[in-house]
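Here are a few notes to read with the model open beside you. They start with one side-chain pair and work outwards from there.

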Amino acid sequence: MVDANLMEKIVSLCKRRGFVFPGSEIYGGLAGTFDYGPYGVVLKENIERLWLSMFRDSRDDMYGVDAAILMNPKVWEASGHVQTFADPMADGKMFNTMFKTSAGAGEEAITVYLRPETAGGIFANFKNVVDSIHPKLPFGIAQIGKAFRNEIAPRDFIFRLRELSQMEVEYFVKPGEWQQAFEEWRKMMHLFAEAVGIPQGTIHELEVPESDRAHYSKRTIDFEFEYPFGRKELWGLAYRGDFDLSAHTKASTVDLSYLDEETSGRFIPHVIEPSLGVDRTILAILVSAYREDELGGETRTYLALAPKIAPVKAAVFPLLKNKPELVAKAREVYFSLKSQVPSIQYDDNGNIGKRYRRQDEIGTPFCITIDFDTLGPSSSSGQANLKDTVTLRHRDTGSQERLAIPEVSARLREAIL
Ligand code: GAP
């Protein structure tokens, strides 16, 4: 059953636990902007790193760029955004949603736009990549970065923002070979959803009819997700044909055709574009991971995040923080684990119940407790056969097991790889 207050609960957890804060909050906020806090920023980085690994680094036909957000305004004239990137206002008039600013001082100043999609920086660098790397078709260029849209009605937390992050690929193919690439990237997007913990059953493909497609697209599939406020676009996969490279060739008068060495023929490559919004991905992950259950007679909230993307992989506790021998051993275990597995946290705030509650809400998959048994018979109550063992608690079930210290890091690495 859908929890009517789920969005409210997620927004509140994000604020309470340091994932996402309203932008400029001390001044009353700024609509359509949010800031990622200490855990949110690591979650975001983990998602982006996984995307880079799957969409760029594990392949031998993919390259990266990190293009400037400010571009010559002719880019957006050629791409059609100046003319058509507009939404209707309440009175029916069209409103162009690109943010304008100016570059340069005084009479030299020119109007420039904050990029509305990262794709523009990829197309503008197509020739640079071809001339410097000499890739053979098919190949693609991947980029992660900010994009800006002056949305008329920003809403639904980090779903519809005015400042957002995109993870985009422009994949260049021979004109007759687009269908195969389209299918490959379609599969890859489903694999990525699975890897970040968005269940397959909650994603629905929508074949976008021509009348609703962006001006550059010949075919688009929207990947929709069941958000608590309705089934809405999470990601898009578009076949942009030769629209962009042809338009930029014409407007810049720089030839962006590709020379096929086998046939010595020149042509404008066609483009497949998987485009994934980072913020909408984060929201879909939070919606998928949010859980409430009963544990030890109490209601608890936890985030069942995939260990791969969880901001904290494990938290190490001393059972009691006022026993120096427990603290010393816990610090030792913490430093040793941290040197092998990143994102380990030391936590001795409040009692152990409070620590579990906090780590559950952050989505930490494992908690490791150092108790008197860890210290062995030299301590007041330690058992000889349990010396140098710790308890490992599993987030989703709350179950605990006793493990020798050297086994713990192997267990953690197994879960996060
Ligand atoms: N280059 C293609 C492109 O930008 P789009 O469908 O307009 O296509 C791609 O945007 C993705 O960017 C969307 O599927 C969504 O994930 C994200 N996105 C777009 N507008 C957004 C907004 N206002 N707030 C948050 N994410 C947004």
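1. Have a look at Glu361 and Arg16 to begin with: their side chains form a salt bridge, with N to O at 2.9 Å. Bear in mind that this is a predicted model.

2. Now for the domains. The assignment splits the protein chain into domain 1 (3-285) and domain 2 (311-414). Across the interface of domain 1 and domain 2, two salt bridges turn up by the rule.

3. How far apart do the C-alpha centres of domain 1 and domain 2 lie? The answer is 41 Å. As for who touches whom, eight residues of domain 1 make contact with eight of domain 2.

4. The area buried between domain 1 and domain 2 comes to about 710 Å², and carbon and sulfur atoms account for 56% of it. On the domain 1 side, the residues that lose the most area to domain 2 are Arg17, Phe19 and Tyr39, which together make up 64% of what that side buries.

5. Next, helix α13, which runs over residues 405-416 and has 12 residues. From first C-alpha to last, α13 reaches 18 Å, close to the 16 Å expected at 1.5 Å a residue.

6. Which residues of α13 are buried? They are Ile405, Val408, Ser409, Leu412 and Ile416. These sit on the same side of α13 because they cover an arc of only 90° around the axis. The general picture helps here: an α-helix has 3.6 residues a turn, so residues three or four places apart point the same way.

7. Turn α13 over and, on the face away from its buried side, you'll find the exposed residues Pro406 and Glu414.

Technical notes: Residues are numbered from 1 along each chain as its sequence is written. This is a predicted model: local features need pLDDT of at least 70, side-chain atom pairs count only at pLDDT 80 or more; totals for chains, interfaces and linings use all residues. Side-chain values use heavy atoms; hydrogens and water are left out. Helices (H or I, at least four residues) and strands (E, at least two) are DSSP runs, numbered from the N terminus. The expected span of a helix is 1.5 Å times one less than its number of residues. Buried means under 20% relative accessible area, exposed over 50%, partly exposed in between (1.4 Å probe, protein chains only). The arc is that of the directions from the helix axis to the C-beta atoms. Domain bounds come from an automatic or database domain assignment. Contact means heavy atoms within 4.5 Å. Buried area is the accessible area (1.4 Å probe) that two parts lose on being put together, summed over both. A salt bridge is a side-chain nitrogen of Lys or Arg within 4 Å of a carboxyl oxygen of Asp or Glu.
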